[in-house]
Amino acid sequence: MSGPVVEGVDLSALNYTTLVPYNETIPTGGNSLTQDLNVHYDAGDIAWMLTSTALVLLMIPGVGFFYSGLARRKSALSLIWLSMMATAVTSFQWFFWGYSLTFSHSAGKFIGDLENIGFRNTLAAPSVGSHRIPDLMFAVYQGMFAAITVALAVGAVAERGRMLPCVIFMLIWATLIYDPIACWTWNPHGWVASMGGLDFAGGTPVHISSGSAALAYSLMLGKRRGHGTHELNFRPHNVTQVIIGTVFLWVGWFGFNAGSALSASMRAVMAAVVTNLAASVGGVTWCLLDYRLERKWSAVGFCSGVVAGLVAITPGSGYVPAWSAVIYGVLAGSACNYGTKIKFLLGIDDALDIFAVHAIGGLVGNLCTGFFAADYIAHLDGFTVIPGGWLNHHWIQLAYQLADSVSGFAYSFGGSCIILFLMNLIPGLRLRASEEAEVLGMDDAEIGEFAYDYVELTRDVLNGDALIDESDSKYSGDQDSPMGHSHEKNFSTSSDEIPMKVRQRP
């Protein structure tokens with residue numbers, strides 16, 4: 001007997017796998033020695049999620065390049081190093097107990113249990129995120145979210161924080177701060193999820209939590225040497241690097257947002273559309289606001305606006321229609337641009353404006369989602385049902401979004417301050433580098449390597465008289481030198497503080 005026929009083709013004669021509804025009861029989803037565990041899942045969904053995982057991983061060096069370009073050259077490598085180290089440390093933490101504390105099937109309202117410690121029993125059973133993908137696929141995908149959140153937060157150590165305490169902070173913060181927030185937001189048992197809060201891809205767990213943690217780290221570290229004076233040059237040392245980082249982030253964000261559909265569906269397509277549109281509008285908005293003041297078409301301003309738009313659309317990307325992305329981009333570009341002034345009001349040296357872009361951008365995105373979430377957009381995956389936001393006359397949704405945002409900020413900021421305060425009391429875990437190390441630069445003082453070859457050339461110039469003739473003796477360490485009274489002092493002076501006349505010598 002033949003099967004169904006479409007356009008003259010007998011579908012039963014084709015070589016394809018028929019999906020079998022999941023009906024196992026064991027935690028691993030079945031015995032792979034006697035069963036084909038692939039029959040419960042669409043290969044297209046798995047392929048898309050593996051691709052999305054790689055795209056989110058690509059975002060992490062993007063964060064490193066973005067931060068590095070914004071910093072001064074003597075600390076450029078340290079920020080890339082921290083981003084990559086965040087990937088390694090958080091990946092292990094996630095494997096060991098982070099995933100279990102966040103997404104265990106038997107989690108509570110605030111935190112999970114250790115049922116899946118070391119990825120125990122994490123294999124082919126349907127995940128808590130979606131029945132369309134198995135536990136193990138969901139685990140590795142969400143592990144990239146944890147890693148990039150940590151990488152975003154630790155950019156706050158820029159130019160004056162020690163590496164070892166920061167690495168310890170990564171492990172503690174991921175466990176005590178990120179995992180609980182992600183659990184209560186995304187685990188179906190979490191209090192925000194149960195309440196009805198909508199956060200598609202990380203407005204609170206990723207952006208508000210990392211932005212508020214960065215603010216706390218900046219507060220606990222104190223201001224950079226020379227902050228508020230002519231000694232500190234705020235200009236990014238490498239704008240090209242900022243642009244490269246933005247490109248990595250923009251591309252990777254498709255995996256971040258569209259991948260959060262957890263299936264290769266029309267919902268993922270819509271998430272990709274609004275992601276790109278919000279980024280574009282956010283970049284143009286910030287650039288125009290900067291031009292209004294400086295009459296310059298700032299490349300850094302454009303890149304900052306792109307990231308602000310990406311941040312804002314993140315929580316709503318799987319819930320809102322395409323036209324709303326324009327509003328997300330305009331509001332995010334404007335709010336985050338003006339948000340960069342808050343650090344001056346608070347007197348906190350947030351060197352890379354992480355709080356302004358991520359915490360404020362996340363708040364804007366959460367609130368906009370309360371307005372623009374639509375039931376018909378969420379149901380594009382074929383099974384998600386939500387009451388929607390104000391577009392569906394579901395007025396209470398805005399209150400849910402505000403409660404989610406405020407609780408995430410308070411928990412992350414307060415918890416981060418406590419963690420950092422206690423760490424700073426432990427011998428060997430002092431957060432801030434010495435003044436000498438800060439002048440020398442984190443690359444030299446903490447890593448011993450440099451982002452650029454000419455940093456070594458500059459050091460050679462400063463420590464040898466052969467390349468400095470007598471006419472330049474005022475830069476060679478004599479009593480009148482603005483850099484100090486000896487060659488030793490010159491040796492500890494960063495390339496950012498070297499007079500241009502010396503720096504340009506061959």
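**Cavities, a patch and salt bridges**

Colleague: Let's start inside. What volume does the second largest cavity have?

Modeller: Keep in mind that this is a predicted model. With 30 Å³ or more as the rule, two cavities are counted. The second largest cavity has a volume of about 40 Å³.

Colleague: Which helices each supply at least two residues of that cavity's lining?

Modeller: The lining of the second largest cavity consists of Leu215, Gly339, Thr340, Ile342, Lys343, Asp350, Asp353, Phe355 and Ala356. By class, there are four nonpolar, two polar and three charged residues. The helices that each give at least two residues to this lining are α11 (342-346) and α12 (354-372).

Colleague: Moving to the surface, which helix gives the largest share of the nonpolar patch?

Modeller: The patch covers about 600 Å² and is made by Trp323, Val326, Ile327, Val330, Leu331, Tyr376 and Leu391. Leu331, for one, is found in helix α10, and Leu331 counts as partly exposed because its relative accessibility is 39%. The largest share of the patch is four residues, and they come from helix α10 (residues 324-339).

Colleague: Now salt bridges. Is Asp45, the partner of Arg132, buried or exposed?

Modeller: Nine salt bridges are counted in total. In the one between Arg132 and Asp45, the closest N and O atoms are 2.9 Å apart. This pair links distant parts of the chain, 87 residues apart, with Arg132 in the loop between α2 (76-103) and α3 (135-153) and Asp45 in helix α1 (residues 43-70). Arg132 is partly exposed at 22% relative accessibility, while Asp45 has 2%, so Asp45 counts as buried.

Colleague: How many residues apart in sequence are the parts tied together by Glu435 and Arg225?

Modeller: The side chains of Glu435 and Arg225 meet in a salt bridge at 3.2 Å, N to O. Glu435 lies in helix α15 (residues 435-440) and Arg225 in the loop between α6 (203-221) and α7 (239-257), so the parts tied together are apart in sequence by 210 residues.

Colleague: And which residues are joined into one network by salt bridges that share partners?

Modeller: A salt bridge can also stand between residues such as Arg120 and Glu115, with closest N and O atoms 3.2 Å apart. The network, where salt bridges share partners, joins Arg72, Glu159, Arg224 and Asp349.

Colleague: One last pair: what is the C-alpha to C-alpha distance between Ala410 and Ser209?

Modeller: Ala410 sits in helix α14 (residues 397-424), and Ala410 counts as partly exposed because its relative accessibility is 45%. Ala410 and Ser209 are 201 residues apart in sequence, and in space their C-alpha to C-alpha distance is 8.9 Å.

Technical notes. Residues numbered from 1 in each chain as written. Predicted model: local features only at pLDDT ≥ 70, side-chain atom pairs only at ≥ 80, totals over all residues. Heavy atoms only, no water. Patch = residues over 30% accessible without salt bridge, like charges linked within 9 Å, V, L, I, M, F, W, Y side chains within 5 Å. Areas by Shrake-Rupley, 256 points an atom, 1.4 Å probe, with all protein chains shown as cover. Salt bridge = Lys/Arg side-chain N within 4 Å of Asp/Glu carboxyl O. Buried < 20%, exposed > 50% of the residue type's maximum accessible area, 1.4 Å probe, protein only. 1 Å grid on protein atoms, 1.4 Å probe; cavity = no way out; pocket = protein on both sides within 12 Å on 5 of 7 lines; lining within 4 Å. Points joined across faces, edges and corners; volume = space filled by probe spheres on them. Nonpolar A, V, L, I, M, F, W, Y, C, P; charged D, E, K, R; others polar.
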